[in-house]
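I opened the model to take notes on its fold, its helices and its odd backbone spots. My entries follow in the order I looked things up.

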Amino acid sequence: MPYDAALHLVQTTDPQDVTAELRQQLIDCWIAVTNTGGAAGFPFPPVGHDDVVPAADGLLARLDPRRSRLLTARLDGGLAGWVVLDRDPYRLVGHWGTVHHLQTHPAVRGRGVGSALVRELRRIARDELGLEQLRLAARGGEGLEGFYGRLGWREIGRWPEALRLAPHDTRDEVLMILAPL
């Protein structure tokens, strides 16, 4: 499904460019995604402001034009979703990037926001950072393999039973790659 024409994608590469309003919107989105069951870095909902703030602030502090990018999607004036791309500073693996925390606000799911973010992140990785491949790890059992697969990603392995969400809910961590960009 093509994304909504009103969707506006914005890249941020410097922590000083993150306004207090944007910071709060990222935190609110992360809380909403997690508390509706999204696999967004906090496996044990419910989470609140005190849980998410340190993680969000750490992520934003690492933004750097050469190594870390935040891509946000705005729809109807509000934050619809976001994702982070990190490049390893070591030359040995400097040709690939890692995708983190792809999130679509629950209120706008199904409108192509996640797909638009991933497509634009791919373009940024290739055209602006000169990367050759992207990697990510996704929580198994959530259908994420299918979502990413439709966007050209392929599964390259699994860490069996790596994630224990509850005593009787252990999931694989699914390793995926997008190459060539």
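**Notebook: backbone oddities first**

I started with His101, which is partly exposed, with a relative accessible area of 26%. The model is predicted, so I note that local features need pLDDT of at least 70. I placed His101 in strand E4. Its phi caught my eye: His101 is not a glycine, yet its phi is positive, about 60°.

I then looked up Asp76, which also has a positive phi without being a glycine, here about 55°. I found Asp76 in the loop between E2 and E3. Is Asp76 buried or exposed? I read a relative accessible area of 67% for Asp76, so I logged this residue as exposed, the cut-off being over 50%.

I added Gly37 to this entry. Gly37 comes just after H1 and takes a positive phi of about 95°.

**Cis peptide bonds**

I checked omega next. The bond from Pro45 to Pro46 is cis, and its omega is near 5°. I traced Pro46 to the loop between H1 and H2.

I noted a cis bond between Ala179 and Pro180 as well, with omega about -5°. Pro180 sits in the segment after strand E7, which covers 169-178.

**Overall fold**

I stepped back to the whole chain. How many helices and strands does the protein have? I counted four helices and seven strands. Read from the N terminus, I get the order β-α-α-β-β-β-α-β-α-β-β. The radius of gyration is 16 Å, close to the 16 Å from the globule rule for 181 residues, so I call the protein as compact as a globular protein of that length.

I took the spans too. The C-alpha trace covers about 45 × 35 × 35 Å along the principal axes of the protein.

I looked at burial. Of the 181 residues, 45% are buried. I also looked at contacts between residues at least 6 apart in sequence, and 63% of them join residues at least 24 apart.

**Surface and charge**

I wrote down the surface figures. The protein exposes about 9300 Å², and 51% of that comes from carbon and sulfur atoms. I find 21 positive and 23 negative charges, and their mean positions lie 5 Å apart.

**Helix H1**

I went along H1, residues 20-35. The helix has 16 residues. From first C-alpha to last, H1 reaches 22 Å, close to the 22 Å expected at 1.5 Å a residue.

Which residues of H1 are buried? I listed Leu22, Gln25, Leu26, Ile27, Cys29, Trp30, Ile31, Ala32, Val33 and Thr34. I then asked what the buried residues of H1 pack against. I found helix H2 (49-61) and three strands: E2 (68-75), E3 (78-87) and E4 (96-104). I note that E4 is also the strand that holds His101.

**Leu9 in strand E1**

I ended on Leu9, which I found in strand E1, residues 8-12. Leu9 is partly exposed, with a relative accessible area of 23%. I set aside neighbours within four places in sequence and listed the contacts of Leu9: Leu71, Thr72, Ala73, Ala116, Leu117 and Glu120.

I picked Leu71 from that list for a distance. Leu9 and Leu71 are 62 residues apart along the chain, and their C-alpha atoms are separated by 6.8 Å.

Key. Residues are numbered from 1 along each chain as its sequence is written. This is a predicted model: local features need pLDDT of at least 70, side-chain atom pairs count only at pLDDT 80 or more; totals for chains, interfaces and linings use all residues. Side-chain values use heavy atoms; hydrogens and water are left out. Helices (H or I, at least four residues) and strands (E, at least two) are DSSP runs, numbered from the N terminus. The radius of gyration is taken over C-alpha atoms; the globule rule is 2.2 Å times the number of residues to the power 0.38. Buried means under 20% relative accessible area, exposed over 50%, partly exposed in between (1.4 Å probe, protein chains only). Contact means heavy atoms within 4.5 Å. Accessible areas come from the Shrake-Rupley method with a 1.4 Å probe; for residues, only the protein chains shown count as cover. Lys and Arg count as positive and Asp and Glu as negative; His and the chain ends are not counted. The place of a charge is taken as NZ of Lys, CZ of Arg, CG of Asp or CD of Glu. The expected span of a helix is 1.5 Å times one less than its number of residues.
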